[in-house]
Amino acid sequence: MLGGLFSFHNNWKETENTYIEIPLPLKCTSLNFREFQLAQAMLFAIEEINNSSDLLPGISLGYKIYDTCGYNARSVKVALALLNDYENVSAPSKDCVTPAQVQAIMGEASSSPSTAIATVIGPFFIPMISHFATCACLSDKSKYPSFLRTIPSDYYQSRALAQLVKYFGWTWVGAVRTNDDYGNSGMATFIESAQHLGICLEYSISFYRTDPSDKIQKIINIMKGSTSKVIVAFLSQADMDVIIHEFSSHNLTGYQWVGSEAWIFDFQTAARDTNHILDGAIGLSIPKAHVIGIKEFILNVKPLFSLNNDLFTEFWEALFSCKFKQSNSAELQRQCTGLEDLTGVENTFTDMSLMPIFNNMYKGVYAVAHALHNILSCNQTCSSNVQLDPFTILQQIKDIYFKTKEGDEVYFNENGDPAAKYEIINWQRRDNDPVEFVVVGLYDASLPTDKQMDVQLKSIIWAQNSQKIPVSVCSEKCPPGTRKVLQKGKPICCYDCVRCAEGEINNITDSVTCVRCPLEFWSNENRDDCIRKETEFLSYKEIMGALLTGASLSGTCMTLVVAVIFVKYRKTPLVRANNSELSFLLLFSLKLCFLCSLTFIGKPSEWSCMLRHTAFGITFVLCISCVLGKTIVVLMAFKATLPGRNVMKWFGPTQQRLSVLGFTLVQVIICGLWLTIAPPFPSTNFEGYNDKIILECSLGSTVGFWAVLGYIGLLGMLCFICAFLARKLPDNFNEAKFITFSMLIFSAVWITFIPAYVSSPGKFSVAVEIFAILASSFGLLICIFIPKCYVMLIKPEKNTKRNMMGK
């Protein structure tokens, strides 16, 4: 239906409804009740405006209506006729003083005819307002500068459909569209939006209802052989009827249909779906609307009867299946009287399900009226001196803003489109009752992205009367612990799930990659999560740590016992003969050696790492220095017994103390440099074990560590040489023999320590170092002091000066 609005300057305001002849110069094959309803909706708005004292006072709107029969060529032809055929326009009053001129064109309902007309009239800037043409292409003002509409663009509908599909988790869908501007443009936007949302199309096919049957059959075979269970249908109502017929013929049911506004809320489509092909369909529709008085106006066709024109005759005969004049054919039909009652009639004409579209037509007519009202500076009256031109009217319509009597806001954006709002419709059929179009959600493109869609999931009934959301995916989601590997030659939604490699994890569903576990973590058997590795260090709580701790404390206690014995027997010849001062200093250093081993046990910390090696190095040097001092004293004492020798004056108590202090000071300097330049620090060792972390003390400076050990070894070797030289001195109780034996043990322990330390993994290397410290400490304690304690406690008769001097 294509209508033109004309303005007439009157000297008076007409108060009675005026109906003007609606010529149909182009005969269509049949009368379309839907188009007739839309014509009535336009007439209702015009009559309401003409009877209003607030809008366009003193001005009456006229009109002329054409039925384009749905053909593009006819649409362009009648649009041109509408613009040029001024002299044949009927005026509402003979008192009109201004020639009738088209101010705007109302229509078309379809996108393809609208693009054809808008292309032709665009250069003349004649406003064209469509109530149902939704193609996003019409928003291009460079091509269609004078086109506006009161229905949202498919740009928003297509994006909303893609979001709806994504909302329900469907990533593998099929698509079918009408092969015209409406279907092709709408589906192109849908596919673009779907790709951004990770939705794949198994197929995207187009057809037109006039296509050959073999082409339509191929399309049905494609849809029938698909694996996707969801079909997005961007179809006109007429093309949807073809699909329903073909699916019914092949008994294809159980698909979840997602529809555009062209058919999703159409009662005729629902009535033709006798095989329940579309049960559970979901889609977008224009929000419900109610225009007061429009239903009564549309159904009130009596005034047409008074005009006695051919349109009323054709309409009345089609409506009541009767004839005013019987033809000569053998088929006889009931005689029309013109007085038939519409009350009991139930058909397309009496169906008011297109009320939202009627409302769009109503708002379009009022938009033109408000624009004219502003241009003519109407208040109590309108100016008759204003020259109307199409461009001025177009600009005024673009900038218009008003509210209808129902409170609906009417305005256009920069593309000539209204605000995009949709209701989410669900087809629900219970038993054999008619389909009920249930509103299960809303979509408002003006809101933030995360709030645009509001869906009531619990209210939806799906295909085959199911309460559960259908599943339509090419591949099931990959669980945690796996990654997606695309199937060659297929869309990105088709993939295989491959387990993550060892040492890699993925705790995200449907991830395309696996990542290495952080070094402090390790994956569990399912590789769906990272769990912390077990940390390993020599602990007091484990058996080995407890045993070494016990040995350390035992050595400390033994040293204290020996010290007590020596204190008790400090005045005896045995203690005095063995340099009691160095003996007590040696016992003190041995006690420190036993205790420093405890710093190696437990979780490494910054202070424990620096303390364990330096304390060990200094105390051991102190211990060896004392032993060395005792050995030198033995040698010097023997040399002093020879005639003419007085060497003890060179190695008296003062020199002994200074020698111990000097030897120890060297080690203190080495340790000080080590701690200053590159001190030991706690570290984590991830090598060697995949399932555990070794907590250890890093040496910091390897040179420092080996310098400490090397210096201990140097003093130990010097001590061993001196003790070895003094081993056969002719004393009854030759201490040099015991020192020699203790240094043999010391050397054996630390020589075997080096390869054992290097080769031992993790906490065992620490245990080896502790063992070496304890073994060498016990060796010194037992070899040097236990024989003396034995004499003092068990053989006191030998603890005499005479016995000490021997021969």
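# Reading cores, sheets and salt bridges in a predicted model

Modeller: Of the 97 residues that make up the largest nonpolar core, the ones that touch the most other members are L56, F247, W257, W263 and W427. The model is a predicted one, and the values discussed here are computed from it.

Biologist: Which helix gives the largest share of this core?

Modeller: That is helix α12, residues 355-375, which supplies 13 residues, the largest share of the core. Apart from this core there is a second, separate one of 64 residues, which includes C596, I601, V627 and I784.

Biologist: With which residues is W257 in contact, once its neighbours within four places in sequence are left aside?

Modeller: On that count W257 is in contact with V176, M223, I231, A233, M240, I243, F247, W263, I277, L278, A281 and I282. Two of these partners, F247 and W263, are also named with W257 among the core residues that touch the most other members. Another of them, I231, has a second relation to W257, since W257 is its bridge partner in β9.

Biologist: That brings us to the strands. How do strands of a sheet pair?

Modeller: Strands of a sheet pair through backbone hydrogen bonds, and they may do so either parallel or antiparallel. In this structure, strand β8, residues 230-234, and strand β9, residues 256-259, run parallel and are joined by 4 bridges.

Biologist: What is the order of the strands in the open sheet of 8 strands?

Modeller: The order is β7-β6-β8-β9-β10-β15-β16-β17, and the pairing is mixed. At the edges stand β7 (200-207) and β17 (453-455), each of which pairs on one side only. When direction is ignored, neighbouring strands of this sheet are turned by 25 degrees against each other on average.

Biologist: Across which strands does helix α4 lie?

Modeller: Helix α4, residues 154-167, lies across β6 (172-178), β8, β9, β10 (282-285), β15 (421-428), β16 (436-444) and β17, and the helix runs at about 50 degrees to β17. A useful residue to follow within helix α4 is A160.

Biologist: Is A160 buried or exposed, and why?

Modeller: A160 counts as buried because its relative accessibility is 0%. Not counting residues up to four places away in sequence, A160 touches L284, Y443 and M453. The C-alpha atoms of A160 and K421 are separated by 9.8 Å, although their positions lie 261 residues apart along the chain.

Biologist: What is the strand order in the open sheet of 3 strands?

Modeller: In that sheet the strands follow the order β24-β26-β25, again with mixed pairing. Its edge strands, β24 (534-536) and β25 (681-685), each pair on one side only, and the twist from one strand to the next averages 30 degrees. Strand β25 and strand β26, residues 692-698, run antiparallel and are joined by 5 bridges, with F681 standing opposite S698 in β26.

Biologist: Turning to charged side chains, how many salt bridges does the count come to?

Modeller: The count comes to 9 salt bridges. One of them joins R429 to D273, whose closest N and O atoms are 3.9 Å apart, which can be set beside the cut-off of 4 Å used for a salt bridge. This pair links distant parts of the chain, with R429 in the loop between β15 and β16 and D273 in the loop between α8 (267-272) and β10, 156 residues apart.

Biologist: Why do R429 and D273 count as buried?

Modeller: Buried means under 20% relative accessible area; R429 is therefore buried at 13%, and D273 is buried because its value is 1%.

Biologist: What other salt bridge does R429 form?

Modeller: The side chains of R429 and D279 also meet in a salt bridge, at 3.0 Å from N to O. Because R429 lies in the loop between β15 and β16 and D279 in the loop between α8 and β10, the pair ties together parts that are 150 residues apart in sequence. Both R429 and D279 are buried, and D273, D279 and R429 are linked in a network of salt bridges.

Biologist: Where do K288 and E423 lie?

Modeller: K288 lies in the loop between β10 and α9 (294-299) and E423 in strand β15, so the pair ties together parts that are 135 residues apart in sequence. Their side chains meet in a salt bridge of 3.5 Å, N to O. K288 counts as exposed at 55% relative accessibility, whereas E423 counts as buried at 11%.

Technical notes
Residues are numbered from 1 along each chain as its sequence is written. This is a predicted model: local features need pLDDT of at least 70, side-chain atom pairs count only at pLDDT 80 or more; totals for chains, interfaces and linings use all residues. Side-chain values use heavy atoms; hydrogens and water are left out. Two strands pair if DSSP finds at least two bridges between them. Helices (H or I, at least four residues) and strands (E, at least two) are DSSP runs, numbered from the N terminus. Axes are lines fitted to C-alpha atoms, for helices over the stretch in contact, and angles run from 0 to 180 degrees between N-to-C directions. Contact means heavy atoms within 4.5 Å. A nonpolar core is a set of buried Ala, Val, Leu, Ile, Met, Phe, Trp, Tyr and Cys residues joined through side-chain atoms within 4.5 Å. Buried means under 20% relative accessible area, exposed over 50%, partly exposed in between (1.4 Å probe, protein chains only).
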